[in-house]
Amino acid sequence: MTTDLLAEIREDFLALEQKDRLLLLLEFANELPKLPQKFQDHPDLLERVVECQSPVFIFVEVDADGLFHLHATAPRESPTTRGFASILAQGLDGLSVERVLAVPDDYPQSIGLNEAVSPLRLRGMSAMLGRAKRQLREHVEA
């Protein structure tokens, strides 16, 4: 089971032709939420997603209400990777821990970009999701 927003995002991608899916991914790249000031002042809090070709860094947190937030940074000159980070940051934001952990690990392969982007880029998105879930599990266990 995916989240409502992630399911909507997938449906939006799958409703488009292949070439238009890349345009939607670029729209997401332009909508990557800015890092909160506390991360701008302390980039050491962010974890690098080494599987990504571009320098991508993420950090997850759970707020006082038990809701999940993913913070990510990716360079503007890497719009594909930045778009993937944005999909996850927006699609997972505000969900419960259980709902985030229930997102299928193959979600990146389910949005119909397999022909539009390289397998390496899709693995990068899968790695972002995997690291986010790992960080979340570690946070919950702490």
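Is Lys-133 buried or exposed, and at what relative accessibility? I start there because Lys-133, at 4% relative accessibility, counts as buried, and I will come back to its partner after a word on the whole chain.

What we have here is a predicted model, and its secondary structure amounts to 6 helices and 3 strands, which follow one another from the N terminus as α-α-α-β-β-β-α-α-α. The radius of gyration is 14 Å, close to the 14 Å that the globule rule gives for 142 residues, so the chain is as compact as a globular protein of that length. Of the contacts between residues at least 6 apart in sequence, 68% join residues at least 24 apart, and buried residues make up 44% of the chain.

Now to the salt bridges, of which a search of the whole structure finds 9. Lys-133 meets Asp-105 at 2.7 Å, N to O, and this pair links distant parts of the chain, with Lys-133 in helix H6 and Asp-105 in the loop between H5 and H6, 28 residues apart. Asp-105, unlike its buried partner, is exposed, with a relative accessible area of 56%.

Helix H6 also carries Arg-134, which lies in a salt bridge with Glu-47 at 2.8 Å, N to O; because Glu-47 belongs to strand S1, the pair ties together parts that are 87 residues apart in sequence. Here Arg-134 is partly exposed at 29%, whereas Glu-47 counts as buried at 19%. Through shared partners, salt bridges join these two residues with Glu-51, Arg-131 and Glu-138 into one network.

Finally, Arg-99 and Asp-4 meet at 3.7 Å, N to O, and since they lie in helices H5 and H1, this salt bridge ties together parts that are 95 residues apart in sequence.

Conventions
Residues numbered from 1 in each chain as written. Predicted model: local features only at pLDDT ≥ 70, side-chain atom pairs only at ≥ 80, totals over all residues. Heavy atoms only, no water. Helix = DSSP H or I, 4+ residues; strand = E, 2+ residues; numbered from the N terminus. Rg over C-alpha atoms; globule rule 2.2 N^0.38 Å. Buried < 20%, exposed > 50% of the residue type's maximum accessible area, 1.4 Å probe, protein only. Contact = heavy atoms within 4.5 Å. Salt bridge = Lys/Arg side-chain N within 4 Å of Asp/Glu carboxyl O.
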